[in-house]
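Biologist: I have just opened this one and would like a short tour. Where shall we begin?

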Amino acid sequence: MKALCSRRGFLTLAAAACAARGRAGGGAPMDPDLVALFADTHVTSDPARTYQRDGLTRCVRDVLAHSPRPANVLLYGDLSVNVGEPDDYRTLKALLKPLEDAGVRWHATLGNHDRRESFFSVFPELRLEPPPVPGRHVSVVSTPRADFILLDSCIEGSVGGGIDDAQRAWLAETLARASKPVFVGAHHPLKETAVAGLLAACTRVKGYIYGHNHAWRLQREESVDTLCLPSTGHWGDIGYALVRLGAEEAVFTLRQHDYYSSRPAARPEDVKPEWRARVEKNDGSRWSVPLT
């Protein structure tokens, strides 16, 4: 029965991926100064739970509809719905394939609902040898005007997150070498990663980006500007952020598609008025960050 469900789910995913490619069209130019930020995809292979997949599919479709398209998409953790089952990552791979087919690069860090070995079993090409930090999935995504550092705050088996000493040392060394503005990020909030001191001490750092809380939220914490991202489709604010990197500033714009808790309404008439009001209020919200 499980195999049957998995196959049915895969066929559904394949159809969704083909549809996304068809709607996106081909040949749109890439813009290296345009970056899309996704978080909390919470993808599941369960054929009975479609809304997480539908939300991510819509975000991918939106990215591909841009002309020019973002050259990079960053995913800020909780890629899996629960405990990082390999089938979840196979589902994610199918849903992200339209980006790859269009030449859009995607990069991910991990959250508390992820498991490293399952993730790498499906995406072995993402395992760096030797890894910058042993046992952790970290990376630096470079663009012409700014760099995005992705930290690994996943403590497997724990809802909370953290950064170990080896990763903290790598971050300090990476920031010391920075020659451009930098945005540091992880799945978990700044308080849990406890890197505020490192970030505040580096003039190159322009902000901290995270997921986990499924809500578009701007705050200043411990002398660091922070941005919390929506979920692409799980619960809370639903959508993604688009970043335009300019010569003098970076502008983060929220593309909010929906709001629901704890899941979408079964019928249009069941949508709560306050949900609609939040979408109308939030969509198009901006965070402008000086880069000079």
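Modeller: One thing beforehand: this is a predicted model. We can begin with S118, which is located in helix α4, residues 116-122.

Biologist: Is S118 buried or exposed?

Modeller: S118 is buried, because its relative accessibility is 17% and the limit for buried is under 20%.

Biologist: And what is S118 in contact with, leaving aside its neighbours within four places in sequence?

Modeller: With those neighbours set aside, the contacts of S118 are G84, P86 and Y89.

Biologist: Okay, on to helix packing. At what angle do α2 and α3 pack?

Modeller: The angle between α2 (residues 51-65) and α3 (residues 86-101) is about 15°, and their axes are 9 Å apart. Angles under 35 degrees count as roughly parallel, so α2 and α3 are described as roughly parallel to each other.

Biologist: Is that crossing left-handed or right-handed?

Modeller: The crossing of α2 and α3 is right-handed. On the α2 side the contact is made by R53, L56, T57, V60, V63 and L64, and on the α3 side by T91, L92, L95, L96, P98 and L99.

Biologist: How many of the residues in that contact are nonpolar?

Modeller: There are 9 nonpolar residues in the contact of α2 with α3, along with 2 polar and 1 charged.

Biologist: Now the strands. In what order do they sit in the open sheet?

Modeller: The order is β3-β2-β1-β10-β11-β12, which makes 6 strands with mixed pairing.

Biologist: Which strands stand at the edges?

Modeller: Those are β3 (105-109) and β12 (286-290). Each has a single partner strand, so one side of each has no neighbour in the sheet.

Biologist: By how much are neighbouring strands turned against each other?

Modeller: The average is 20° for this sheet, with direction ignored.

Biologist: Take β1 and β2. How many bridges join them, and do they run parallel or antiparallel?

Modeller: Strand β1 (residues 30-38) and strand β2 (residues 69-76) run parallel and are joined by 6 bridges. One of the residues involved is M30, whose bridge partner in β2 is R69.

Biologist: What holds such pairs together in general?

Modeller: Strands of a sheet pair through backbone hydrogen bonds, in either a parallel or an antiparallel way.

Biologist: Which strands does α8 lie across?

Modeller: Helix α8 (residues 273-282) lies across β10 (236-245) and β11 (249-260). Its direction is at about 165° to β11.

Biologist: Different topic: cis peptide bonds. Where is the one with omega about 5°?

Modeller: That bond joins S67 and P68, and P68 is in the loop between α2 and β2. Another cis bond runs from E129 to P130, with omega near -5°. P130 belongs to the loop between α4 and β4 (139-142).

Biologist: I also noticed D78. What is its phi?

Modeller: Phi of D78 is positive, about 50°, although D78 is not a glycine. D78 is in the loop between β2 and α3, and it counts as buried because its relative accessible area is 2%.

Biologist: And E222, what is its phi, and is it buried or exposed?

Modeller: Phi of E222 is also positive, near 50°, and E222 is a residue other than glycine. E222 lies in the loop between β8 (217-221) and β9 (224-228). E222 is exposed, because its relative accessibility is 55% and exposed means over 50%.

Notes:
Residues numbered from 1 in each chain as written. Predicted model: local features only at pLDDT ≥ 70, side-chain atom pairs only at ≥ 80, totals over all residues. Heavy atoms only, no water. Axes fitted to C-alpha atoms, helices over the stretch in contact; angles between N-to-C directions. Helix = DSSP H or I, 4+ residues; strand = E, 2+ residues; numbered from the N terminus. Parallel < 35°, antiparallel > 145°, perpendicular 65-115°, else oblique. Left-handed = near helix turned anticlockwise from the far one by under 90°. Contact = heavy atoms within 4.5 Å. Nonpolar A, V, L, I, M, F, W, Y, C, P; charged D, E, K, R; others polar. Buried < 20%, exposed > 50% of the residue type's maximum accessible area, 1.4 Å probe, protein only. Pairing = 2+ DSSP bridges.
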